[in-house]
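Student: I should like to learn how the contacts in a protein–DNA model are to be read. Could we begin with the terms and then turn to the case itself?

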Protein chains: 2
Amino acid sequence: MDKKDLEILQILQKDASVPLSDLAQAVHLSTTPCWRRLQKLQEEGVIRQHVVLCDPARLNLGLTVMVTLKAAQHNEKWMQKFITGVKDIPEIVEILRMSGDIDYLLKVHVPDMAGFDLVYKKLVKVADLQDVSSSFVMEVIKSTTALPLDYAILKSGKN
Amino acid sequence: MDKKDLEILQILQKDASVPLSDLAQAVHLSTTPCWRRLQKLQEEGVIRQHVVLCDPARLNLGLTVMVTLKAAQHNEKWMQKFITGVKDIPEIVEILRMSGDIDYLLKVHVPDMAGFDLVYKKLVKVADLQDVSSSFVMEVIKSTTALPLDYAILKSGKN
DNA sequence: GGTGAAATTGTTATCCA
DNA sequence: TGGATAACAATTTCACC
């Protein structure tokens with residue numbers, strides 16, 4: 001990976017609908033090498049997915065809730081039960097296992113409080129939980145899928 | 001928006017690189033009406049962006065940190081200072097203003113602890129903060145940009 | 001690695017049911 | 001609204017630096 005690859009990623013992380021010809025021009029390349037770089041980035045798994053991002057408000061998802069919880073038991077069996085039970089709930093878009101005081105942090109998209117209550121009830125049925133706590137998102141100040149590229153390890157010294 | 005629109009979104013939220021002809025076939029339509037629906041979904045702002053998702057690990061972003069913090073002052077001036085200062089830090093990919101005990105929740109991507117410390121120092125310089133607390137992500141169990149579509153309000157009764 | 005152009009495939013516009 | 005076709009633009013492959 002070199003500087004041009006990062007330039008390509010920078011653009012595509014913001015807008016993947018740009019034609020290859022425009023992308024190539026932006027990184028001062030012709031289409032073929034630019035295309036080959038793209039292929040390589042996908043094969044290597046640097047680029048994982050091509051997706052569209054939807055507006056939660058337009059899909060009647062006006063409420064975002066962050067749920068923190070502790071496991072009732074700390075063993076493999078509990079963890080498996082919890083993960084398999086929670087993973088397929090579509091309203092839960094993110095499940096992070098955390099260090100420190102809290103075991104898991106979940107992000108939940110629902111239309112409203114009533115909708116959240118339904119998900120909450122589903123959640124507590126999955127496995128024994130301790131200290132379930134819900135915080136509601138008042139305002140999304142920033143939200144991006146674009147990762148910082150400044151730390152990527154470059155192969156060639158040519159910048 | 002009707003059921004076919006949701007089917008289109010369902011597919012594109014997982015993979016936006018499918019050719020229009022395949023997409024059309026999947027929703028039992030020919031390319032033209034499928035294309036028109038896509039255009040409309042974009043114009044209406046249901047589809048916000050077309051992006052590629054990258055693998056943090058491959059970009060040397062091995063550490064994800066969730067930072068919670070309280071404002072030192074609760075006024076518009078402080079908020080403006082905080083937001084403008086934090087928004088442009090590329091390692092901070094998400095800033096949520098929360099209800100309850102904690103004022104803000106941030107998501108930070110960095111290579112390692114040393115990298116986080118640098119961002120942390122940047123962060124505390126921006127504005128006066130109270131109770132800054134960092135939790136480290138041990139494992140990403142689920143992470144998707146695909147929103148649940150079951151709550152969308154359908155215009156036509158034809159399913 | 002890079003270029004330019006040909007072959008292939010996908011997208012957009014026009015028109016008709 | 002949906003479908004067929006044609007015009008257009010894009011991507012992928014190829015032979016050659």
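Tutor: A residue is near a molecule or strand if one of its heavy atoms lies within 4 Å of it. This is a predicted model, in which local features need pLDDT of at least 70 and side-chain atom pairs count only at pLDDT 80 or more, while totals for chains, interfaces and linings use all residues. Residues are numbered from 1 along each chain as its sequence is written, chains are lettered from A and ligands numbered from 1 in the order in which they are written, and side-chain values use heavy atoms, with hydrogens and water left out.

Student: Which part of DNA strand C belongs to the atoms within 4 Å of the protein?

Tutor: Sugar or phosphate accounts for 57% of those atoms of DNA strand C, and bases for the rest. The residues around the strand include S30(A), T32(A) and R37(A) from chain A, and P19(B) and W35(B) from chain B.

Student: Which elements supply the surface near DNA strand C?

Tutor: Helices (H or I, at least four residues) and strands (E, at least two) are DSSP runs, numbered from the N terminus. At least two residues each come from α3 (31-43) of chain A and from α2 (20-26) and α3 (31-43) of chain B. The most is given by α3(A), with four residues.

Student: How are polar contacts with DNA strand C to be read?

Tutor: A polar contact is a pair of N or O atoms within 3.5 Å; within protein, one must be able to donate a hydrogen and the other to accept it, and residues adjacent in sequence count only if both atoms are side-chain atoms. In the side chain of T32(A), an N or O atom is 2.8 Å from a base oxygen of DNA strand C. Phosphate oxygens of the strand lie 3.0 Å from a polar side-chain atom of S30(A) and 3.4 Å from one of R37(A).

Student: How many salt bridges are counted between chain A and chain B?

Tutor: A salt bridge is a side-chain nitrogen of Lys or Arg within 4 Å of a carboxyl oxygen of Asp or Glu. The count between the two chains is six; one of them joins K107(A) and E94(B), at 2.3 Å from N to O.

Student: How do β1(A) and β1(B) run?

Tutor: Two strands pair if DSSP finds at least two bridges between them. Here seven bridges join β1(A) to β1 (residues 47-54) of chain B, and the strands run antiparallel. Within this pairing, V52(A) has H50(B) as its bridge partner.
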